[in-house]
Every structure is written in structure tokens, then in C-alpha cells.
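Me: I am new to this structure and would like a close look at a single part of it. Could you take me through the cysteines, and set them in the context of the chain?

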Amino acid sequence: MADNHKPLRKISEAFRELEATVNSQTPDDVEVASFSRACSLISPLFGCLGIAFKFAEMDYVAKVNDLVEASKSIGTLQAMVERDVKANTVKKGGSHTRNLLRVKRGIDMVKVLFEQILVTDGNSLKDPATKAYSQVFAPHHGWAIRKAVAAGMYTLPTKAQLLRMLNEDEPSARIQMQSYITASAPVIQYVDKLFLSRELGLDW
């Protein structure tokens with residue numbers, strides 16, 4: 001079947017390309033365009049998780065779309081952050097840099113979700129999804145959102161249903177999930193470094 005119908009494969013391939021840039025001699029050349037394109041491929045995955053991650057999906061999609069727009073006039077992630085630093089708009093609502101931090105949390109959440117799926121037996125996604133949400137998103141969400149997410153965890157698809165939605169069988173899905181975990185780790189670290197090297201922090 002064509003890769004167009006294999007979202008997991010497209011995600012892992014896009015992040016392997018980003019990983020290659022981050023690990024190259026010129027890591028500062030990570031383009032906003034290639035980064036936002038890779039991140040946009042994750043958006044349908046949030047949709048597959050149903051109501052529990054509806055807020056995360058809407059927020060993530062909006063922030064990725066902002067980076068896609070930014071890529072039309074800004075070349076690299078480094079240049080994008082520098083522009084906001086100079087304009088003193090880093091932490092302003094709607095800034096590209098603020099949105100980058102939110103998108104980074106999205107790709108980190110998916111990484112932890114995949115890690116938990118790979119080490120959890122059975123067909124339920126409740127434990128993997130709960131652990132991923134608790135580790136990455138919950139510290140930044142208010143009580144009302146956390147409560148809604150907790151309630152939504154009971155409506156998650158089973159692992160078998162998720163794999164059907166992604167058009168994968170379990171052996172191929174495990175390969176693609178592990179590929180994404182490996183490739184996304186240095187990409188996440190790179191984005192973190194963009195913030196930490198400028199003493200912008202990550203917990204806001």
C-alpha cells in the first residue's frame with residue numbers, strides 16, 4: 001500500500017530527516033518549513049486518540065499552522081527565536097517562539113506515548129496515554145482540562161483499533177514507533193537547547 005496511507009511511516013521518515021540535520025555539522029540550519037511539515041504529520045495521530053486529546057489536538061494543530069505560516073518568511077528555527085528575542089515577544093501569546101514550545105511538547109508527548117505502548121502488554125491504551133499526558137502536558141494544564149482529559153481516557157481506542165486507523169499491523173507499527181522515538185529525541189533536545197541557551201526556560 002502507498003505510504004500516503006501509512007501515517008506512522010511518514011512521521012518517522014520526516015523526523016529521521018530532522019534528526020540528520022540536528023546531528024549534522026550545521027545543526028543551526030533546521031528549517032522552520034521542514035520542522036513544521038514533520039510536526040503537521042503528527043496532527044492526525046491526536047485525532048485518532050479521540051476526545052481525551054481533543055484539546056491537545058486543537059491547540060497543537062493551531063500552533064503548527066502558525067509555524068507553517070512563519071516558514072514563509074523565516075528560514076530557520078534559530079532565526080525565528082532570535083527575532084522574537086530581539087522584539088521582546090518570546091512569551092507573548094501567539095508568538096512563534098511560544099508556539100514552538102507548545103509544538104515541542106506535542107512531539108514529546110507522542111514520543112512518550114509510543115515508548116509506553118512498546119513496553120505495555122495488552123490492548124488498552126489507557127495506561128500509556130495517561131503516563132504520556134501526565135509527564136508532558138499535565139504540569140502545564142489547569143484543573144478543568146486535566147479533569148476532562150482524565151474522563152476522556154475511558155473513551156480511548158484500543159491499541160488494535162489505533163493500529164487499524166493508522167493502517168499498520170503490530171510488527172510494522174513497533175518498528176515505526178521505535179524509529180520515531182529514536183529520531184525525535186535529538187530533535188526535542190535541539191529545541192530545548194534553543195530555549196535554555198538563551199535562558200528562556202521551558203516551564204511556561
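Reply: Happy to help; here is the setting, then the cysteines, and then two backbone spots. This is a predicted model, in which local features need pLDDT of at least 70 and side-chain atom pairs count only at pLDDT 80 or more, while totals for chains, interfaces and linings use all residues. Residues are numbered from 1 along each chain as its sequence is written, and side-chain values use heavy atoms, with hydrogens and water left out.

Let us begin with the chain. It has 10 helices and zero strands, where helices (H or I, at least four residues) and strands (E, at least two) are DSSP runs numbered from the N terminus. The C-alpha trace spans about 50 × 40 × 25 Å along its principal axes. Of the 204 residues, 50% count as buried; buried means under 20% relative accessible area, exposed over 50%, and partly exposed in between, with a 1.4 Å probe and protein chains only. Contacts (heavy atoms within 4.5 Å) often reach far along the sequence: among those between residues at least 6 apart, 73% join residues at least 24 apart.

Now to the cysteines. A disulfide is a covalent bond between the sulfur atoms of two cysteines. Here a disulfide is counted when a pair of cysteine sulfur atoms lies within 2.5 Å, and the count comes to zero. Why is the sulfur of C39 not bonded to the closest cysteine sulfur, in C48? The sulfur of C39 is 17 Å from that of C48, so the two are too far apart for a bond. Looking from the other side, the closest cysteine sulfur to that of C48 is in C39. C39 is buried, with a relative accessible area of 0%. C48 is buried as well, at 13%.

Two backbone spots deserve a look too. Most residues other than glycine have a negative phi. N167, however, has a positive phi, near 60°. N167 sits in the loop between α9 (159-165) and α10 (170-196) and counts as partly exposed, at 29% relative accessibility. E199 also has a positive phi, near 55°. E199 lies in the segment after α10 and is exposed, with a relative accessible area of 74%.

To return to your request: C39 is buried, C48 is buried, and the chain has zero disulfides by this rule.
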